[in-house]
Amino acid sequence: MAMMQGNMYTNSLPPQLSDSNRRIIGDPNGSPSIRVYQVWKGNNRFCLGGRLIFGPDVRSIFLTLFLIVTPVVLFCAFVSQSLIHEFHHHLGKIVVAVCTVFTLYVIILLFLTSGRDPGIIPRNPHPPELEDEGDSSGISADWPGSQSGTGAPSLPPVKDVMVNGMVVKVKYCQTCMLYRPPRCSHCSICNNCVERFDHHCPWVGQCIGKRNYRFFFMFVSSTTILCLYVFAFCWVNVRKIMDAYHCNLWRAFMKSPVSGILVLYTFIAAWFVGGLTAFHIYLIITNQTTYENFRYRYDGKMNPYNRGCALNIVEIFFSKIPISKNKFRAKVKGDASSVFTTSMSMRHGLSPEMPKTSLDIESGKRQAVAAEDFEEIQSQIDSVGGLERCGTQPRRANWDHKANWEISPDIRMLAADFAMEHGSTERQKINGGH
C-alpha cells in the first residue's frame, strides 16, 4: 500500500517539476544526487551535465550558424573552382583553406561566447539586513524608509558607493535579493544579475558580460573580416569573368550567379557586423558598456570607469578573465526533503522566506503534513479562493504566515493527496473544526 501511494504521488507531480525532483521522491533509500544547475532559478538552458550554460533563446545559435556557414559552403563549392584555376592551383587552394579555417575559428568564438557563464552573480538565499550593510551613510537621507517611525526601516532601493573617487548609485535587486555591484544589471530574459552587463545578444542566445565580452567582440570582428574576405574574392572572380568574356557586370553575374549572390550578401552583412564592430571599438576605448551608453550617456558627464584609451584596451583584452562565481555541477547540500522543497520554490519563483513544509520520505511512504498543517492549508485555500472570487484580494508572489498568499498548484496537490490518504471522514472532521 505504501508503495502504491508513493507511485501515485510521483505520477501526480506537475509537469513543470524537473526530473531531479522525481528522483528525490522516487529514491527514498538513496541520497539525492541533485546538482545546482538542475534547480537553477534563472531561465538558462544547460548542456553536458551543467558544463555549458546558454540563454533561454539558445535556438537562435542555429540561425547564426546557418548565416555563417551557408555562404562559406557556397563559396568553397562553386567559387573556389574558378579561383583555383585562376591562381594556378596552389595559391587558389590556400585561398579556400584560409576561408575554411577562419570559419571554424569564428564558430569556436561563437560557442565560447554563448556557452559560458557571462558573469552571473549568485542570488542571496535571504534578503540582506540593514545592519549587515554596515555603511549606513551610503543610504540616501531622503529615503522614506529610513525616516519612518512605524518600525524597522525597509531596504532602500538605491545605495551610493565610491568608484574611483566618484559617487555611483547601485540598485537593490528584488529578484536576486542583493545590492548589485557597480556596472551590474539584471537581465530580464535570462533572469540573472550579470557583472559588467553589456546587453543580451539574441544572435548568440546569451547575455554579454564580464566573462564573455572579450569573446563576443572577437566573434563580431572576426565575422566582419570573414565577410570582407568572401566579398573580396567573389568580386575578384567576377572581375576575372568580365575580363575573360569581355562582358559587363550583369552578364558576369549571369555566368556566375553564386558569385553575384555572395557579393550582395556579404556586402550587406559586412555593413551590419562591421558597424557593430566599430561601435564596440568606441565602447572599449572609452570603457563603456552598451547598457551604460544608452542609459547614462557618459558623453555629457565624467565616466568613472574610463582610465584612458591604453588602460581600457588592456582591461578588455589582456586582463585575466575572473573565475565563475557559480559551480553549476556542485551537488546541492541538504537532505532530500530540504532539496525537494528548495527545488519546488525555485521552479515557482517563490521567496526564500516562505515557510517550508517538510516532506520526509522513508520506506517509500511520504510522511506528509500533520492534521493541523492540513487544517491551516485548507482554511487558507478556502479564504483565498473566496477573496479571489470576490475580486478583493491582490495576488502576491511571497508567502507570509499572516498575509494572504497565492495558492500554488503544488499546495493544492498536497492538500488533495492528504485528503485522499486520510479519507473523507477525517477531512470532514478537520473541516468541522473551523
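**Exercise 1. Which residues is I68 in contact with, leaving aside its neighbours within four places in sequence?**

*Solution.* The model is predicted: local features need pLDDT of at least 70, side-chain atom pairs count only at pLDDT 80 or more, and totals for chains, interfaces and linings use all residues. Residues are numbered from 1 along each chain as its sequence is written, and side-chain values use heavy atoms, with hydrogens and water left out.

Step 1. Locate the residue: I68 belongs to helix 3, where helices (H or I, at least four residues) and strands (E, at least two) are DSSP runs numbered from the N terminus.

Step 2. Apply the contact criterion, heavy atoms within 4.5 Å. With neighbours within four places in sequence left aside, the partners of I68 are T103, V106, F219 and L226.

Step 3. Assign the partners to elements. T103 and V106 are in helix 4, while F219 and L226 are in helix 6.

Step 4. Check the burial. I68 has 9% relative accessibility and counts as buried (under 20% relative accessible area; exposed is over 50%, partly exposed in between, with a 1.4 Å probe and protein chains only).

Step 5. Add a distance in space: the C-alpha atoms of I68 and C227 are 8.9 Å apart, although 159 residues separate the two in sequence.

**Exercise 2. Describe how helix 4 and helix 6 pack.**

*Solution.* Step 1. Helix 4 covers residues 90-114 and helix 6 residues 213-245; their axes come within 9 Å and cross at roughly 155°. Axes are lines fitted to C-alpha atoms, for helices over the stretch in contact, and angles run from 0 to 180 degrees between N-to-C directions.

Step 2. Classify the angle. Helix 4 and helix 6 are therefore roughly antiparallel (angles over 145 degrees; under 35 is roughly parallel, 65 to 115 roughly perpendicular and the rest oblique).

Step 3. Assign the hand. The crossing of helix 4 past helix 6 is left-handed, that is, the near helix is turned anticlockwise from the far one by less than a right angle, clockwise being right-handed.

Step 4. Count the contact by class: 19 nonpolar, 4 polar and no charged residues. Here Ala, Val, Leu, Ile, Met, Phe, Trp, Tyr, Cys and Pro count as nonpolar, Asp, Glu, Lys and Arg as charged, and the others, Gly among them, as polar.

**Exercise 3. Repeat the analysis for helix 3 and helix 8.**

*Solution.* Step 1. The axes of helix 3 (residues 60-86) and helix 8 are 10 Å apart, and the packing angle is about 150°.

Step 2. This angle makes helix 3 roughly antiparallel to helix 8.

Step 3. Helix 3 contributes L67, P71, L74, F75, F78 and V79 to the contact, and helix 8 contributes V258, S259, L262 and Y265.

Step 4. By class, 9 residues of this contact are nonpolar, 1 is polar and none is charged.

**Exercise 4. Is S256 buried or exposed, and which residues does S256 touch?**

*Solution.* Step 1. S256 sits in the loop between helix 7 (249-255) and helix 8 (257-286).

Step 2. The relative accessible area of S256 is 12%, so S256 is buried.

Step 3. Not counting residues up to four places away in sequence, S256 touches N237 and I241.

**Exercise 5. Where does R196 lie, and what is its phi?**

*Solution.* Step 1. R196 is in the loop between strand 7 and strand 8 (199-201).

Step 2. Its phi is near 45°, a positive value in a residue other than glycine.

Step 3. R196 counts as buried, at 9% relative accessibility.
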